[in-house]
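Welcome! Open your viewer, get a selection box ready, and follow along stop by stop.

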Amino acid sequence: MESGTEHIDLATITDRMAVKKAVQSGNVEDAIEKVNDLNPEILDTNPQLFFHLQQQRLIELIRNGKVEEALEFAQEELAPRGEENQSFLEELERTVALLAFEDVSNCPVGDLLDISQRLKTASEVNAAILTSQSHEKDPKLPSLLKMLQWAQNQLDEKAAYPRINDLSTAILEDSAV
């Protein structure tokens, strides 16, 4: 109550963390199932998010050396989406290119196998869940601190006032000193 934030149901945080953990550990099917359990409309109304989850699933199949399964999955699930959307097709081609290299650590698209790709997908899913629950997808504190900096810069030109110079301590300092 003191922070002035609205009440957030802890179960929704736990659910989002479970989805995020599933994506980050490479268990995309489980993540999709959890998202659909939370709110089936999230993936239905966000084709880009669904494509990125399916793309991550393809990446995981390739990472685990399941080449035939990866090719079949790409043909059946992702290729039809690529025909509908040019950017999806480009991303699919980039992902399937992983199969052309024996040493993926030195290939030009090897970054897709990096943990940062999983984190990017997990973050995208998390933002979509927050949006569906009518929460802001970005934390408020960084924008409030930027707003404080801006307001202080505006005030510097007009008046003397107690200023916060170090945001980590939030100690008010007299501007006359």
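On this tour, two residues are in contact when they have heavy atoms within 4.5 Å of each other. By that rule, Phe-50, Phe-51, Gln-54, Gln-55, Arg-57, Leu-58, Leu-61 and Ile-62 in H4 meet Glu-69, Ala-70, Phe-73, Ala-74, Glu-77, Leu-78 and Arg-81 in H5. Sorted by class, the residues of this contact are nine nonpolar, two polar and four charged. Please keep in mind throughout that this is a predicted model.

**Stop 1: the whole chain**

Colour the chain by domain: domain 1 covers 10–137 and domain 2 covers 140–174. How far apart do the C-alpha centres of domain 1 and domain 2 lie? The distance between these centres is 41 Å.

**Stop 2: an annotated stretch**

Now select residues 12–69, which UniProt lists as "domain: CTLH" in an unreviewed entry. Over this stretch, the chain is 83% helix and 0% strand. Pick the C-alpha atoms at the two ends of the selection and you will find them 34 Å apart.

**Stop 3: H1 and H2**

Select residues 10–24 for helix H1 and residues 28–38 for helix H2. Their axes are 7 Å apart, and the helices pack at an angle of about 160 degrees. Angles over 145 degrees count as roughly antiparallel, so H1 and H2 are roughly antiparallel to each other. The crossing of H1 past H2 is left-handed. To see the contact, show the side chains of Asp-15, Ala-18, Val-19, Ala-22 and Val-23 on H1, then Val-28, Asp-30, Ala-31, Lys-34, Val-35 and Leu-38 on H2. Eight of the residues in this contact are nonpolar, three are charged and none is polar.

**Stop 4: H2 and H4**

Keep H2 on screen and add helix H4, residues 47–63. Here the axes come within 9 Å and cross at roughly 155 degrees, so H2 and H4 are roughly antiparallel to each other. Which residues make the contact between H2 and H4? From H2 come Val-28, Glu-29 and Ile-32; from H4 come Phe-50, Leu-53, Gln-54, Gln-56, Arg-57 and Glu-60. This contact has four nonpolar, two polar and three charged residues.

**Stop 5: H4 and H5**

Finally, add helix H5 at residues 67–84 to return to the contact from the start of the tour. The axes of H4 and H5 come within 9 Å and cross at roughly 165 degrees, which means H4 is roughly antiparallel to H5. H4 passes H5 in a left-handed crossing.

Terms used
Residues numbered from 1 in each chain as written. Predicted model: local features only at pLDDT ≥ 70, side-chain atom pairs only at ≥ 80, totals over all residues. Heavy atoms only, no water. Axes fitted to C-alpha atoms, helices over the stretch in contact; angles between N-to-C directions. Helix = DSSP H or I, 4+ residues; strand = E, 2+ residues; numbered from the N terminus. Parallel < 35°, antiparallel > 145°, perpendicular 65-115°, else oblique. Left-handed = near helix turned anticlockwise from the far one by under 90°. Nonpolar A, V, L, I, M, F, W, Y, C, P; charged D, E, K, R; others polar. UniProt positions renumbered as here; feature names shortened; annotations may be inferred. Domains from an automatic or database assignment.
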